[in-house]
Amino acid sequence: MSPSVSAPLAEGRFWLPGPTEVHRDVLAAQTCPIIAHRGAEAVALMERLQPGLQALFGTRRSVVVLTASATALMEAAVRSGVRRGLLAVVNGAFSERFAEIAHDCPIDVEVLAVPWGEVVDPEAVRQHLKTGNFDAVSLVHSETSTGALNPVADVAAVAREFPGVQVIVDSVTGLGGTPVQADDWGLDFALTGSQKALAMPPGLAFGVASERLLERAVALDCRGYYLDLVRMYQNLQKNQTPTTPAITLMYAAAVQLDRIMSETLEARFARHARMAARCHEWVGEVRERTGLEVGVLATEGARSPTVTCISLPEALSGPAVVRQVRAAGWVIGGGYGRLKESTIRIGHMGDHTPDKLEELLPVVESALIQVSAGA
Ligand SMILES: *Cc1c(COP(=O)(O)O)cnc(C)c1O
């Protein structure tokens, strides 16, 4: 009995910038029997996840495991971490989501707008924080919609000059593909989802809150119930969760964390950097070979190692290119939000390899040529 609605792709061919391809051993881990969520086995399972998560987050604190997609922890961070005013750095669709979440809360929000494809200048953050209007700043580490990588450590260092300003970071396509040092950088909340650079099945969100953030949170009355970080941490002290977690997803996470740790983070980050560099180089080659005006959207020097957003000449429609690639038996991402027509995205993250990327790139190049010939 298979719930699959289409024939499965061959392994190594699913290059969406999330959810990403999940290794068969990790998928198989989900068939372990269900256990009581308050029993000793569930506690042991949560304990087992911690060392790997702590290494990935660069923290000695316990890491929250929430059964939800990553957006839930974005919302939790805003609700539990902001008292008066949020400075939302927006350089793409996902960072915009922080501002949208904040609009629904009884706090002030101001957007520090950065052109899409670029990254924030820490000095601009300093100038905004000097107004005294903010007690938190949000930013996205790797903007999945544009492929830009924000200088999180530098922004956090600036924010630390202002006591009482909390730093909230979405590293959904950063963490696992590029270093995150939540403790050393002084992040008050860092979060990710299971289904991006960690290459686990979708459905879990992971995050770490600073003591400072939790102390503030206790006095806030808009934390919600399911999203309350204070309640999550009270339970986490006993290696438990406030409500029933997705036990099967936690099994998958345990196996994938073992795989990540045995590769080593250093090797994993280097593999991601290699794939990104190759992708950028290939875009230049395609431009020379075909004369098509393709480009890497994100500014050179500020590109994410996990996702490349490729800008297309006006005559080429992103969705048509994605369809053509799919017809050849591969999956890449379309543009996101307002970049839907004008870009395509390759998610070179998770367990993907430089070797398979060499197979994918000619397929995408053919699709570009075919679509431009038809246009
Ligand atoms: C995918 C993504 C999200 C949203 O994740 P969900 O798991 O779909 O809620 C948030 N931020 C970034 C940067 C993302 O790439």
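How much space lies in the largest cavity? About 150 Å³ in this predicted model; the legends below cover the ligand site and the cavities.

**View 1. Residues around the ligand.** The ligand is surrounded by 14 residues, and those that come nearest are Ser-69, Thr-71, Thr-144, Asp-170 and Lys-196. Sorted by class, this shell has five nonpolar, six polar and three charged residues. Helices H3 (70-81) and H4 (93-103) each supply at least two of the shell residues, and the largest share, three residues, comes from H3.

**View 2. Polar atoms next to the ligand.** An N or O atom in the side chain of Ser-69 is 2.5 Å from an oxygen atom of the ligand. A polar side-chain atom of Thr-144 also lies 2.5 Å from a ligand oxygen. At Ala-70, a polar backbone atom is 2.9 Å from an oxygen atom of the ligand. On its own the ligand has 380 Å² of accessible area, of which the protein covers 90%.

**View 3. The largest cavity.** The structure holds two cavities of 30 Å³ or more, and about 150 Å³ of space lies in the largest. Its lining consists of 17 residues, with Val-65, Leu-66, Met-232, Thr-241 and Pro-242 closest to the centre. Strand E2 (64-67) and helix H9 (229-236) each supply at least two lining residues; E2 gives the most, with four. The lining divides into ten nonpolar, five polar and two charged residues.

**View 4. The second largest cavity.** This cavity holds about 70 Å³ of space. Among the residues that line it are His-37, Leu-45, Asn-239, Thr-241 and Met-250. Helix H2 (40-57) gives the most to this lining, with three residues, and helix H10 (247-263) supplies at least two. Six lining residues are nonpolar, four are polar and none is charged.

How values were computed: Residues are numbered from 1 along each chain as its sequence is written. This is a predicted model: local features need pLDDT of at least 70, side-chain atom pairs count only at pLDDT 80 or more; totals for chains, interfaces and linings use all residues. Side-chain values use heavy atoms; hydrogens and water are left out. A residue is near a molecule or strand if one of its heavy atoms lies within 4 Å of it. A polar contact is a pair of N or O atoms within 3.5 Å; within protein, one must be able to donate a hydrogen and the other to accept it, and residues adjacent in sequence count only if both atoms are side-chain atoms. Accessible areas come from the Shrake-Rupley method with a 1.4 Å probe; for residues, only the protein chains shown count as cover. Ala, Val, Leu, Ile, Met, Phe, Trp, Tyr, Cys and Pro count as nonpolar, Asp, Glu, Lys and Arg as charged, and the others, Gly among them, as polar. On a 1 Å grid over the protein atoms alone, a cavity is a set of points where a 1.4 Å probe fits but cannot get out, and a pocket is an open set with protein on both sides within 12 Å along at least five of seven lines; lining residues have an atom within 4 Å of a point. Grid points are joined across faces, edges and corners, and a volume is the space filled by probe spheres set on the points.
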